[in-house]
Amino acid sequence: MSILEELEWRGLYADCTDSATLTQRIAAGPITLYCGFDPSADSLHVGNLVPLLALRRFQLHGHIPIVLAGGATGMIGDPSGKSAERNLQTPEQVAHNIASQKKQLAGFLDFETNLNPARLFNNADWTAPVSYLEFLRDVGKYFSVNVMLAKDSVRTRLEGDSGISYTEFSYQLLQAFDFCHLRSKFDCELQIGATDQWGNITAGCDLIRKKLGATAWALVFPLLTKADGTKYGKTASGAVWLDPKKTSPYRFYQFFVQADDADVVRLLKFLTFLTREEIAALEQEVQTHPGARAAQKSLARELTTLVHGADALHGALKASEILFGGALDGITEEIFQDVVGEVPTRDLDPGKLAGAGTPIIDLVVHAGLAPSKGQARKDLEAGGIYLNNVRLSDLSRTATTNDLLFGKYLLLRKGKRTYTVLSARG
RNA sequence: GGUGGGUUAGCGAAGUGGCCAAACGCGAUUGACUGUAAAUCAAUUGGUCUCCGACCUUCGAUGGUUCGAAUCCAUCACCCACCA
């Protein structure tokens with residue numbers, strides 16, 4: 001199966017500038033391709049996985065992937081998919097974000113192989129030295145404003161209330177310049193991205209044709225959305241990050257375990273390297289034994305291993321067992337330590353537990369599980385507060401030294417799965 | 001610039017002198033059921049406390065009338081509509 005056929009069955013093929021010639025080109029031998037990543041945060045999130053893994057899929061098929069960090073484009077801001085003008089990031093922010101993302105980007109591709117090593121560039125390297133006058137003459141001259149205005153990303157903004165600044169309007173030129181540069185210096189013939197990048201990518205293809213008289217292809221895949229049409233990768237508490245400091249491996253694992261039945265097969269195709277047969281088997285499972293959620297668990301296992309490694313997966317599985325398993329009877333301190341690492345932790349003055357102890361309600365507020373004592377009381381009355389995984393019902397209940405696990409921890413829980421560990425050491 | 005209408009809790013929206021911490025809907029939180037699901041049902045949804053009750057702070061802002069104001073009056077700010 002060729003890379004294009006594989007993308008097709010995975011549902012990753014949305015559009016291509018010329019699939020017939022691209023098919024021929026790919027059959028003829030390894031192709032160099034790239035995808036850019038926007039440094040709008042200091043970590044990648046699950047939404048970035050689709051393009052990143054697509055690069056990896058190409059590499060596995062023998063092609064040469066280039067990861068492009070948007071050190072230049074990140075200074076401007078891509079208007080695609082945005083309904084309003086963005087605030088500019090400071091150069092320090094962009095530099096910081098690039099540095100953090102670079103490490104993550106590097107983890108998904110093989111830079112060491114002799115055959116088709118991946119490469120990583122920062123577009124600031126070739127964009128920053130170009131003067132404004134040079135840019136207008138060498139790049140701007142090839143663009144028709146009429147065409148630029150017709151791009152979706154620009155048109156929706158012009159039709160909306162907020163308009164678009166000259167800065168963001170110019171964004172497509174910068175991205176086109178990148179593609180053109182990579183085409184001439186590194187023989188990069190293909191750019192991939194999500195469908196919202198179509199306009200920016202084809203701008204590059206046009207520039208390459210006009211300026212270099214060469215061919216280049218655009219290949220885009222669908223945006224990762226849920227069955228209800230909303231954007232995938234967000235939870236109530238924000239994006240799901242790849243950085244373990246921002247989203248713990250446990251939460252990362254749980255995010256995928258909780259995938260909807262209607263989404264899980266598509267997610268397996270988009271985000272894992274499982275084979276067609278393996279995914280078909282899991283799809284069968286979803287239909288015959290939905291309650292077992294084998295597909296969700298496979299998805300979560302695959303991705304946690306891929307992003308965080310086997311050890312982190314082990315910890316996340318153990319923590320899940322405890323946090324969803326119920327009673328804490330007989331657990332060892334070693335296993336509990338996994339939980340401590342995966343759940344928010346707050347310090348607690350050990351003196352507060354001495355003698356009569358501290359009311360549970362105060363601890364719930366201290367742990368950040370309730371915004372006020374009144375709310376904490378209501379949660380407790382409704383049976384939604386657990387100490388060490390035992391439901392509490394007594395309003396006047398206090399926590400004392402006797403409740404400490406291993407002499408230093410209190411495991412406080414609200415509802416089914418919101419936990420905080422109170423650490424009373426020292 | 002003129003005339004009229006509006007600004008109420010996370011959002012939408014009732015309330016036009018006391019029974020208003022403010023109907024109702026959505027959202028959110030908790031519980032039951034369940035598959036760590038969906039749907040459904042129930043409770044809660046300004047704060048404090050000695051919590052079946054009491055108190056404190058809220059209805060754009062400030063000041064006033066009144067025993068009593070989200071509600072009446074004045075000024076200011078912002079939004080909308082129509083007219084120029």
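This tour proceeds through three stops: a residue in a helix, the surroundings of an RNA strand, and a sheet with a helix packed on it. The model is predicted.

**First stop: Ile 3**

Select Ile 3, which belongs to helix α1, residues 3–9. Is this residue buried or exposed? Its relative accessibility is 1%, and because buried means under 20%, Ile 3 counts as buried. Next, display the residues that Ile 3 touches. Leaving aside residues up to four places away in sequence, these are Ile 26, Arg 57, Phe 58, His 61 and His 63. To relate this position to another part of the sequence, add Asp 110 to the selection. Ile 3 and Asp 110 are separated by 107 residues in sequence, and their C-alpha atoms are 17 Å apart in space.

**Second stop: RNA strand B**

Select RNA strand B and show the protein residues around it. There are 24 of them, and the closest are Gln 254, Asp 261, Lys 373, Arg 377 and Lys 416. Of the atoms of RNA strand B that come within 4 Å of the protein, 55% belong to sugar and phosphate. Colouring the surrounding residues by class gives 10 charged, 9 polar and 5 nonpolar residues.

Which helices each supply at least two residues of this surface? They are α12 (249–257) and α19 (373–381). Helix α19 gives the most, with 5 residues.

Three side chains may now be examined individually.

- Gln 254: an N or O atom of this side chain is 2.7 Å from a base nitrogen of RNA strand B.
- Gln 258: a polar side-chain atom lies 2.8 Å from a base oxygen of RNA strand B.
- Lys 373: here the partner is a phosphate oxygen of RNA strand B, which lies 2.5 Å from a polar side-chain atom.

**Third stop: the sheet and helix α17**

Select strands β9, β15, β14, β11 and β12. In that order, these 5 strands form an open sheet with mixed pairing. Which strands lie at the edges? The edge strands are β9 (345–347) and β12 (390–391), each of which pairs on one side only.

Focus on β12 and its neighbour β11, residues 385–387. The two strands pair in the antiparallel sense over 2 bridges. Select Tyr 386 to find one such partner: its bridge partner in β12 is Arg 391.

Finally, add helix α17, residues 333–342, which packs on the sheet. Helix α17 touches β9, β14 (409–414) and β15 (418–423). View the helix together with β14: the direction of α17 makes about 55 degrees with that of β14.

Definitions and conventions:
Residues are numbered from 1 along each chain as its sequence is written. Chains are lettered from A and ligands numbered from 1 in the order in which they are written. This is a predicted model: local features need pLDDT of at least 70, side-chain atom pairs count only at pLDDT 80 or more; totals for chains, interfaces and linings use all residues. Side-chain values use heavy atoms; hydrogens and water are left out. Helices (H or I, at least four residues) and strands (E, at least two) are DSSP runs, numbered from the N terminus. Buried means under 20% relative accessible area, exposed over 50%, partly exposed in between (1.4 Å probe, protein chains only). Contact means heavy atoms within 4.5 Å. A residue is near a molecule or strand if one of its heavy atoms lies within 4 Å of it. A polar contact is a pair of N or O atoms within 3.5 Å; within protein, one must be able to donate a hydrogen and the other to accept it, and residues adjacent in sequence count only if both atoms are side-chain atoms. Ala, Val, Leu, Ile, Met, Phe, Trp, Tyr, Cys and Pro count as nonpolar, Asp, Glu, Lys and Arg as charged, and the others, Gly among them, as polar. Two strands pair if DSSP finds at least two bridges between them. Axes are lines fitted to C-alpha atoms, for helices over the stretch in contact, and angles run from 0 to 180 degrees between N-to-C directions.
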